[in-house]
Amino acid sequence: MDRDLKVYPASAHWGTYQVLVDGDRVVGVRPDPGDPAPSPIIENTPEAQHHPSRVERPAVRRSWLRSGPGPDDRRGAPDDEYVAVDWETVLDLLAGEFDRVRTAFGNAAIYGGSYGWASAGRLHHSQSQLHRFLKLIGGYTRSKNTYSHAAVEVLVPHVVGLQGAHDLLERPATWEAIAEHTDLIVTFGGLRISNTWTSSGGRAVNTAEPGMRAAREAGVRTVSISPLRDDTLADIGAQWLSAAPGTDTAIMLALMYVLFDEGLADMAFLNRYTVGAQVLRRYVVGETDGVAKSPEWAADLCELSAETLCDLARRMASGRTLINVGWSVQRARYGEQPLWAGIALAACLGQIGLPGGGFATGYGSTGRHGGGATPGGLPRMPQGANPIDSFIPVARVADMLLHPGESCEYDGEHLTYPDIRMVVWSGGNPFHHHQDLARLTRAFGRPDTVVVVETHWTATARHADIVLPSTTTLERDDLTAGRGDLRLRAMPQAVPPHGEARDEYDIYAALARRLGAEQEFTEGRTSGEWLRHIYEQWRERQSEDVPDFDAFWAAGNIDIPGRVCDETTFGDFRTDPDAHALQTPSGRIELFSEVIESFEYADCPGHPVWLPSEERFGTQRAQRWPLLLIANQPSGRLHSQQDMGAHSKSQKIADRAPLRVHPDDAAERGLRDGDVVKVFNDIGSCLAGVEVSEELRRGVVQLSTGAWYDPSAPNVATCVHGNPNALARDIGTSTLSQGTTAQHILVEVKKYNGIPPAVRAFVPPALTDLEPEGLARE
Ligand SMILES: Nc1nc2c(c(=O)[nH]1)N[C@H]1C(S)=C(S)[C@@H](COP(=O)(O)OP(=O)(O)OC[C@H]3O[C@@H](n4cnc5c(=O)[nH]c(N)nc54)[C@H](O)[C@@H]3O)O[C@H]1N2
Ligand SMILES: Nc1nc2c(c(=O)[nH]1)N[C@H]1C(S)=C(S)[C@@H](COP(=O)(O)OP(=O)(O)OC[C@H]3O[C@@H](n4cnc5c(=O)[nH]c(N)nc54)[C@H](O)[C@@H]3O)O[C@H]1N2
Ligand SMILES: [Mo]
């Protein structure tokens, strides 16, 4: 069968694999023979590559073409029409619009934050191309931090310094070191195996799953604090503590209480390596506010018994313990607190800086954690400087668009939202990733012009005035590696571009030409010449001998030189806290931060505290919306990418995203496997398909992110396909980091009676050819 098929190596954020090509078409995939634990997500690729939802030609919204730039609340209307335009015409139009906006309003009126994961590939990385272009035409308003872990990025540098925060994210101890040294992993948010299938840039081989298994075989025990049993692999035998979501900080404070109370806290460590331990201790034992953060106190909140918490604290103090805070836990209201309390708890145990012990964040969140580090960097497109200093914290995008001129507090800064006239998005899908999607639609109605560069007609593309078709990774030559990866891999083009799709490099080069910045953008190189150039520049920076580009390309991959496999984070600091002082004001771990205290934020004071989120069991809000929806990462794909692919499709129930419901909650509502339900609250609603499951704690329902937003039947639901962000509140973690809080959503669920409307998310909008009267405006 394979005889006539060509086989190409492919790399994606979900790993490296092979695509099977018949003529111009991708007809199959198979795992890379060298990958011990390939991900099933690769199965989505063949269908997604040639799907009717691909953007085939440049398209312009008919009403924008007719009426010109301006606010328009019909952006995103399901019945909106587009006109197909040839490349030269659309590039002229778009260049004219860039010029109009920068001349009339200044470059800060262009929002180019363009958050999103795009595709693997160091040269054709979508945001890198866009940002380089925007910087060269005068700059743009940018976004700071990520949806993934904004609270880590903003809070943790205050607590352990910038380098410390960097090391936690980029150089955590390897799984091998954990296997050798760790007795107990206590992980808040599990170690979700499907999350380790992906990491930015992809990985040459998936080492996380084998690493976890090897650690188990070496005797490492795991306690998983999580609402889902299957957040850990069944066969690593983790103890599952199904705490109420959003109560991790209370649990950690109670564990500290036991350590202080029973004389198990390492006072010598606290004195030598931290500041603020006494402030924290007084708070924990109740001297500050009259509330002892005892196990009994926490038990009411987290719904684990006081005894369980006492036992856990003693176990943690009796051996080498690694505390891991998954990123989900901070993707919630007051998400800074479980991070800070987790660091404080690890400090009380006195094991920070010991191999296999201390604090970590991100094991089980991506495949990269525990797989080594590449401090020598990777090949990259030069980025240049942004002449404009306007920015927003990334998850405040709807606020910015809706409230120009209003202020936003963030990490000690007073920001003023710019008046955005033009939004340019490439390589991201805000109608996947942002919260309160109906509100986001209103926000997208405000600018004069919205431009989206996409491979597919996502909901975001359907909110754009100008849609430009991008090639996929299978349609261009590139190279990739993830951070900490074993090998740099060639990604040769496997099939011709779909329709009229172009590489983004060529799109921005053509726009730069029209805007007088061509030479600066291209530096006289084609994309093929750039590929060679960024490789050779990287090669020169390496201290070891590395093959030249031609040898690399012919070999298909090379080992990445200078990889390090760390045993521990903060090892040097522990050895000598003066010579290796942290980059904090005190040089120590700040369990109390004068800087944060000085901001006077009620939602993030100067030391870790219990702040009760509304989005929790037992709150007033929960009386109306009694089920806590966990909007975690999908196991069937990366975010919204390739949602139409075979593997993702195989998980749908009645064409919709699967909603897992505990048997008792299902019985109370008369729900059975396969039912279509409406999930709703005061923000919005969506339809989903029921899967009754004992893998979750009672009261929790799970609806992973990434079903393409489908607002085509607004009388039935905000989204008929099952995107949880139709129901998520658009509110920041706190004033400090303003991260997204979308992991937790209080909802109610009821059976949908009757025939549910068809899912139309993957049906592209009506596209007609430009009429003879052309571009004349009414
Ligand atoms: N409720 C809730 N919401 C969440 C989360 C959550 O836990 N709960 N998690 C959040 C997190 S951690 C993240 S990181 C975000 C992720 O949000 P996003 O990163 O925005 O999600 P993706 O689906 O990966 O979007 C990438 C888009 O880029 C497009 N694309 C791929 N390759 C190319 C290319 O080469 N060129 C161009 N132009 N486009 C390309 C894809 O078609 C896709 O539409 O979601 C966040 N949203
Ligand atoms: N297959 C796949 N893998 C992915 C992604 C994807 O889209 N698909 N996205 C990638 C990205 S961009 C990121 S940032 C990471 C995110 O990595 P994480 O944030 O770690 O992943 P999530 O799946 O959102 O959450 C993991 C688990 O945390 C648990 N949890 C939720 N709330 C709480 C809580 O309050 N307390 C406790 N103790 N546990 C809780 C849930 O049961 C959930 O399954 O994943 C990456 N990996
Ligand atoms: Mo993320």
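In the predicted model, the loop between α11 and α12 contains E303. This residue is not a glycine, yet its phi is positive, at about 60°. Most residues other than glycine have a negative phi. E303 has a relative accessible area of 43% and is therefore partly exposed, the range for this class running from 20% to 50%.

The two helices joined by this loop also meet each other. Helix α11 spans residues 295-302 and helix α12 spans residues 306-317; their axes come within 8 Å and cross at roughly 120°. The crossing is right-handed. On the α11 side the contact is made by P295, E296, A298, A299 and C302, and on the α12 side by A306, L309 and C310. By residue class, this contact comprises seven nonpolar residues and one charged residue, with no polar residue. The charged residue is E296 of α11, because Glu counts as charged.

A positive phi is also found at S114, where the angle is near 50° in a residue that is again not glycine. S114 is placed in the loop between β6 (110-111) and α4 (126-136). Its relative accessible area is 0%, so S114 is classed as buried, whereas E303 is partly exposed.

Aromatic contacts were examined over the whole structure, and the search returned 24 aromatic pairs. One of the pairs is formed by F431 and F444, with a centre-to-centre distance of 5.1 Å and an angle of 70° between the planes. The arrangement is classed as edge-to-face because the angle between the planes is over 60 degrees. F431 belongs to helix α16 (residues 430-433) and F444 to helix α17 (residues 437-444), so the pair ties together parts that are 13 residues apart in sequence. F431 and F444 are both buried, which means that each has a relative accessible area under 20%. Elsewhere, a single aromatic cluster is formed by five residues, namely F98, F133, Y505, Y508 and F521. Of these, F133 falls within helix α4 (126-136), the helix that follows the loop holding S114.

Towards the start of the numbering, residues 11-50 are covered by a UniProt annotation, "domain: Molybdopterin oxidoreductase N-terminal", which comes from an unreviewed entry. In the model, this span is 12% helix and 42% strand. The C-alpha atoms at the two ends of the span, residues 11-50, lie 17 Å apart.

Technical notes. Residues numbered from 1 in each chain as written. Chains lettered and ligands numbered in written order. Predicted model: local features only at pLDDT ≥ 70, side-chain atom pairs only at ≥ 80, totals over all residues. Heavy atoms only, no water. Axes fitted to C-alpha atoms, helices over the stretch in contact; angles between N-to-C directions. Helix = DSSP H or I, 4+ residues; strand = E, 2+ residues; numbered from the N terminus. Left-handed = near helix turned anticlockwise from the far one by under 90°. Contact = heavy atoms within 4.5 Å. UniProt positions renumbered as here; feature names shortened; annotations may be inferred. Phe/Tyr/Trp six-rings, centres within 6.5 Å; stacked < 30°, edge-to-face > 60°. Buried < 20%, exposed > 50% of the residue type's maximum accessible area, 1.4 Å probe, protein only.
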